[in-house]
Amino acid sequence: MSLGRRFARLTTNAVVRRPGLWRLFRGPLRRQFDRLAPQWDEIVTADHLAGFERALEQVEPPPRRALDLGTGTGDGAFAVARRFPEAEVVGIDLAGSMIEAARRKMAPGLADRLRFEVGDASALPFEDGAFQLVTLANMIPFFDELARVVAPGGFVVFGFSGGSGTPIYVDPTRLRVELERRGFTQFAELEVGRGTSFLARKAGSG
Ligand SMILES: C[S@@+](CC[C@H](N)C(=O)[O-])C[C@H]1O[C@@H](n2cnc3c(N)ncnc32)[C@H](O)[C@@H]1O
């Protein structure tokens, strides 16, 4: 594994266990992804979100508002917007260069309901329960914040393009424990090729 990938893995493992450590990792990780942004679409494979997209098929009813955290160059947000043609979708990323690249990829038919913003998933500028769907593709989860912005009855979807070999990877057992603690009650694990995904639903009705 390259140094960059090892650093992403180290950051993920540290922050999932101790979210307070994020303040130490935030700057270096942002700089790493700012540097990677120009090549990102060549680094990922064409089907890298296959597992993530399979999990989206289980999201019912369709969300009115959806949030893609750590959107990178936007592929997860584009997949959500295509899958749910009525939804308003926001893609957030820490790295400004990633967001600029995502904006350049905007399809004309989506611009009225999909937007990309620089932001930090550990401190989101959205009200409690603002989204019926929150997605994370190859992204470090900040469980308190993501659970806060999911509406009652809403969903969270995680995708890991290389399964447990993905640099930013969280074991499904850990995902389940953390989400159960925060009011999620229904869970599903999926595998598509090398990729894995995880779906969870919050208790209540939206
Ligand atoms: C491995 S990339 C995945 C990009 C995209 N989701 C994909 O699968 O192609 C992880 C992304 O998460 C972003 N990221 C990491 N920590 C973040 C945070 N706390 N808030 C927002 N974005 C973050 C990085 O800048 C990077 O673009």
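Helix α2, helix α5 (75-83) and strand β2 (88-93) each contribute at least two residues to the shell around the ligand in this predicted model. The shell comprises 22 residues, of which the closest to the ligand are Phe33, Gly70, Gly72, Ala121 and Ala137. Sorted by class, these surroundings consist of 13 nonpolar, 6 polar and 3 charged residues.

Helix α2, which spans residues 22-36, also packs with helix α1, residues 3-17, their axes coming within 11 Å and crossing at roughly 150°. Because angles over 145 degrees count as roughly antiparallel, α1 and α2 are therefore described as roughly antiparallel to each other. The crossing in which α1 passes α2 is left-handed. On the α1 side the contact is made by Gly4, Phe7, Thr11, Ala14 and Val15, and on the α2 side by Trp22, Phe25, Leu29 and Gln32. This contact has 6 nonpolar and 3 polar residues, while charged residues are absent from it.

Two loops hold backbone features that deserve a separate look. In the loop between α4 (50-56) and β1 (65-69) lies Pro61, and the peptide bond joining Glu60 to Pro61 is cis, with an omega of about 5°. In the loop between β4 (131-137) and α7 (143-149) lies Asn138, a residue other than glycine whose phi is nevertheless positive, near 55°. Since a residue is buried if 20 or more other C-beta atoms lie within 10 Å of its own, Asn138 counts as buried, with 24 C-beta neighbours inside 10 Å.

Technical notes: Residues numbered from 1 in each chain as written. Predicted model: local features only at pLDDT ≥ 70, side-chain atom pairs only at ≥ 80, totals over all residues. Axes fitted to C-alpha atoms, helices over the stretch in contact; angles between N-to-C directions. Helix = DSSP H or I, 4+ residues; strand = E, 2+ residues; numbered from the N terminus. Parallel < 35°, antiparallel > 145°, perpendicular 65-115°, else oblique. Left-handed = near helix turned anticlockwise from the far one by under 90°. Contact = placed C-beta atoms within 7 Å. Nonpolar A, V, L, I, M, F, W, Y, C, P; charged D, E, K, R; others polar. Near = placed C-beta within 6 Å. Buried ≥ 20, exposed ≤ 12 C-beta atoms within 10 Å, placed from the backbone.
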